[in-house]
Amino acid sequence: MSIELSLSANMEDYLEAIANIQQKKKVVRVKDIAKYLKVKMPSVSGALKGLVDKNLVNHESYEYVELTPRGRQIAQEVARKH
């Protein structure tokens, strides 16, 4: 299945990072994503808002980050591409 949503390469990287961290740690925090991608936490927060709007992740302020089923599917497609 192709990616129907218009996602930037940056957004795809975030989805892939969340999936990779989730495999290792089970729970994903904003600081984990920032460290993994070597970006600042406010950048992660901004990107997560976009991914929440597209219904690809579940995230509330100061809570864990979790991929939705659709987000997980896209993260797997991105991982295959890379």
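**Close-up 1. Asn-55 sits in the loop between helix 3 and strand 1.** This is a predicted model, as are the views that follow. With a relative accessible area of 51%, Asn-55 counts as exposed, because the cut-off for that label is over 50%. Leaving out residues up to four places away in sequence, Asn-55 touches Thr-68 and Arg-70. Ser-6 makes a handy reference point for Asn-55: the two are 49 residues apart in sequence and 13 Å apart in space, going C-alpha to C-alpha.

**Close-up 2. Helix 1 crosses helix 3.** Helix 1 covers residues 9–25 and helix 3 covers residues 41–53; they pack at an angle of about 95°, with their axes 10 Å apart. That makes helix 1 roughly perpendicular to helix 3, because angles of 65 to 115 degrees get that label. On the helix 1 side, look for Met-11, Tyr-14, Leu-15 and Ile-18. Across from them, helix 3 brings in Ser-43, Val-44, Ala-47, Leu-48, Gly-50 and Leu-51. Sorted by class, this contact between helix 1 and helix 3 has eight nonpolar residues, two polar ones and no charged ones.

**Close-up 3. Helix 1 also packs against helix 4.** Here the angle is about 100° and the axes lie 8 Å apart. So helix 1 comes out roughly perpendicular to helix 4. Glu-12, Leu-15, Glu-16 and Ala-19 are the helix 1 residues in this view. They meet Gly-71, Ile-74, Ala-75, Val-78, Ala-79 and Lys-81 of helix 4. The class tally for the contact of helix 1 with helix 4 is six nonpolar, one polar and three charged. Leu-15 is worth picking out: it is listed in the contact with helix 3, and it turns up in the contact with helix 4 as well.

**Close-up 4. The largest pocket holds about 340 Å³ of space.** Its lining is made of 14 residues, and those nearest the centre are Val-30, Ser-45, His-59, Ser-61 and Tyr-62. Helix 2 (30–37) and helix 3 each put at least two residues into the lining of this pocket. Helix 3 gives the largest share, with five residues. If you are thinking about what a probe would see here, the lining of the largest pocket has six nonpolar, three polar and five charged residues.

**Close-up 5. The second largest pocket has helix 1 and helix 4 in its lining.** About 180 Å³ of space lies in this pocket. Its lining includes Glu-16, Ala-19, Asn-20, Gln-22 and Gln-23, as well as Leu-67, Arg-72, Ala-75, Gln-76 and Ala-79. Helix 1 and helix 4 (69–81) each supply at least two of the lining residues; the largest share, five residues, comes from helix 1. By class, the lining of the second largest pocket splits into four nonpolar, four polar and two charged. Glu-16, Ala-19, Ala-75 and Ala-79 may look familiar, as they are also part of the contact between helix 1 and helix 4.

**Close-up 6. Gln-22 of helix 1 is buried.** Its relative accessible area is 18%, so Gln-22 falls within the buried class, which means under 20%. Not counting residues up to four places away in sequence, Gln-22 touches Val-28, Val-65, Glu-66 and Leu-67. Gln-22 is also one of the residues lining the second largest pocket, and so is its contact partner Leu-67.

**Close-up 7. Helix 2 and the residue that follows it.** Val-30, Asp-32, Ile-33 and Ala-34 are the buried residues to look for in helix 2. The buried residues of helix 2 pack against helix 1 and helix 3, and against strand 1 (57–59) and strand 2 (65–67) too. After helix 2 comes Lys-38, in the loop between helix 2 and helix 3. Lys-38 has a phi near 55°, a positive value in a residue other than glycine. Most residues other than glycine have a negative phi. Lys-38 is exposed, at 74% relative accessibility.

**Close-up 8. Tyr-62 has a positive phi in the loop between strand 1 and strand 2.** The phi value is near 65°, again in a residue other than glycine. At 86% relative accessibility, Tyr-62 counts as exposed. Tyr-62 is also among the residues nearest the centre of the largest pocket.

Key. Residues are numbered from 1 along each chain as its sequence is written. This is a predicted model: local features need pLDDT of at least 70, side-chain atom pairs count only at pLDDT 80 or more; totals for chains, interfaces and linings use all residues. Side-chain values use heavy atoms; hydrogens and water are left out. Axes are lines fitted to C-alpha atoms, for helices over the stretch in contact, and angles run from 0 to 180 degrees between N-to-C directions. Helices (H or I, at least four residues) and strands (E, at least two) are DSSP runs, numbered from the N terminus. Angles under 35 degrees count as roughly parallel, over 145 as roughly antiparallel, 65 to 115 as roughly perpendicular and the rest as oblique. Contact means heavy atoms within 4.5 Å. Ala, Val, Leu, Ile, Met, Phe, Trp, Tyr, Cys and Pro count as nonpolar, Asp, Glu, Lys and Arg as charged, and the others, Gly among them, as polar. On a 1 Å grid over the protein atoms alone, a cavity is a set of points where a 1.4 Å probe fits but cannot get out, and a pocket is an open set with protein on both sides within 12 Å along at least five of seven lines; lining residues have an atom within 4 Å of a point. Grid points are joined across faces, edges and corners, and a volume is the space filled by probe spheres set on the points. Buried means under 20% relative accessible area, exposed over 50%, partly exposed in between (1.4 Å probe, protein chains only).
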